[in-house]
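Hi everyone, thanks for making the time. I'd like to walk you through one structure today, starting with the ligand site and ending with a pair of helices.

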Amino acid sequence: MSALPATALREVFGLSHAVALITGAASGLGRACALLLGQAGAYVAVNHLPGSAAAAAAVCRDIEAAGGQAMAVAADVSQQEEVEAMLRQVVDRFGRLDILVANAGIENGAPFQDMTLQQWQQVIDVNLTGSFLCARAAIRQFLRQPPQPGPPRANGRIVCMSSVHQIIPWAFQANYATSKAGVAMLARTLAQEFGPQRIRVNAVAPGAIRTDINRPVWETQAALEELLTLIPYGRIGEPRDVAQAVLFLVSDLSDYVTGATLYVGGGMTDYAAFRGAG
Ligand code: NAD
């Protein structure tokens, strides 16, 4: 997963005994974050939808095989009662919560004039309301628990998985782009609201990363070549590229970083079409 051995990861990033909940962690970016945070010493709760129990169990096995501790926890992040039950399960098992990576997300696009209310609502419910529910549950827990033992550090760290579409408009995906713009503002607002309690909240905004959510844009050579015209750095992203950014933001190395968005997109937000034009 990382070029650094686990002992070095633990020493550099200092996550030993921190408890991390990662939503949508049975696949893609969430899975990569779970594995890397586990290697860095965190106790990891791997959230998944009920249908992904086997994949989540496999992620837990991989973390444990690398010497870490993990639990799988089913919950639909858009459902208040399920999110609250999930938090209780995590705290029952690991005693506290220090890190939330609000990663679960979906796409369900359509030409705007054909987009149904249900399509709109489904994406907003999972991507934006799911981030709200998970962040609220995490912050309530951060506020009620004693500080983590060890050197002084933030009393809680949240990373919201946004997208370059928090800033790049995305035709035919109005629900998704709007949800991610909302996620980015949620992160900034929470950073402002909870700075005095030393709770840090940041967003990571991936560009095009090779996962199931966007398979059609990298599956064929022709599609990949077209995609690469949008990426100045000249390659598609891999899940570990995002996980490494998340690891930085949940570690003490970023202790003075809050309310920020870290773009992980090979320069996708830098208007590639303007190279030699315009
Ligand atoms: P993915 O489809 O592999 O992962 C999404 C995960 O979320 C899946 O495991 C899915 O089961 C889970 N999920 C969906 N609805 C859920 C719900 N209601 N409750 C709990 N879990 C739920 O795709 P991914 O690329 O790993 O996406 C992860 C996040 O990264 C998403 O928020 C996505 O919007 C964001 N993102 C991805 C890319 C990319 O290029 N892959 C780019 C920008 C942003």
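**The ligand and its surroundings**

Let's begin with the shell around the ligand: its residues divide into 13 nonpolar, 11 polar and 2 charged. Please keep in mind that this is a predicted model. In total, 26 residues surround the ligand, and the closest are S27, L29, N103, Y176 and T211.

Now to the polar contacts, which I know this group enjoys. S27 places a polar side-chain atom 2.7 Å from an oxygen atom of the ligand. I209 works through its backbone instead, with an N or O atom 2.8 Å from a ligand oxygen atom. For V77, a backbone N or O atom lies 3.0 Å from a nitrogen atom of the ligand.

How much of the ligand's accessible area does the protein cover? Of the 820 Å² that the ligand has on its own, 92% is covered. The elements giving two or more residues to the shell are α2 and α6, the latter spanning 174–194.

That brings me to α2, residues 28–39, and its partner α1, residues 6–13: their axes come within 8 Å and cross at roughly 85°. Angles of 65 to 115 degrees count as roughly perpendicular, so that is how α1 and α2 sit relative to each other. On the α1 side, the contact is made by A6, L9 and R10, and on the α2 side by L36, G38 and Q39. By class, that contact has 3 nonpolar, 2 polar and 1 charged residues.

Thanks, and I'm happy to take questions.

Technical notes: Residues numbered from 1 in each chain as written. Predicted model: local features only at pLDDT ≥ 70, side-chain atom pairs only at ≥ 80, totals over all residues. Heavy atoms only, no water. Axes fitted to C-alpha atoms, helices over the stretch in contact; angles between N-to-C directions. Helix = DSSP H or I, 4+ residues; strand = E, 2+ residues; numbered from the N terminus. Parallel < 35°, antiparallel > 145°, perpendicular 65-115°, else oblique. Contact = heavy atoms within 4.5 Å. Nonpolar A, V, L, I, M, F, W, Y, C, P; charged D, E, K, R; others polar. Near = heavy atom within 4 Å. Polar contact = N/O pair within 3.5 Å; in protein donor to acceptor, adjacent residues only side chain to side chain. Areas by Shrake-Rupley, 256 points an atom, 1.4 Å probe, with all protein chains shown as cover.
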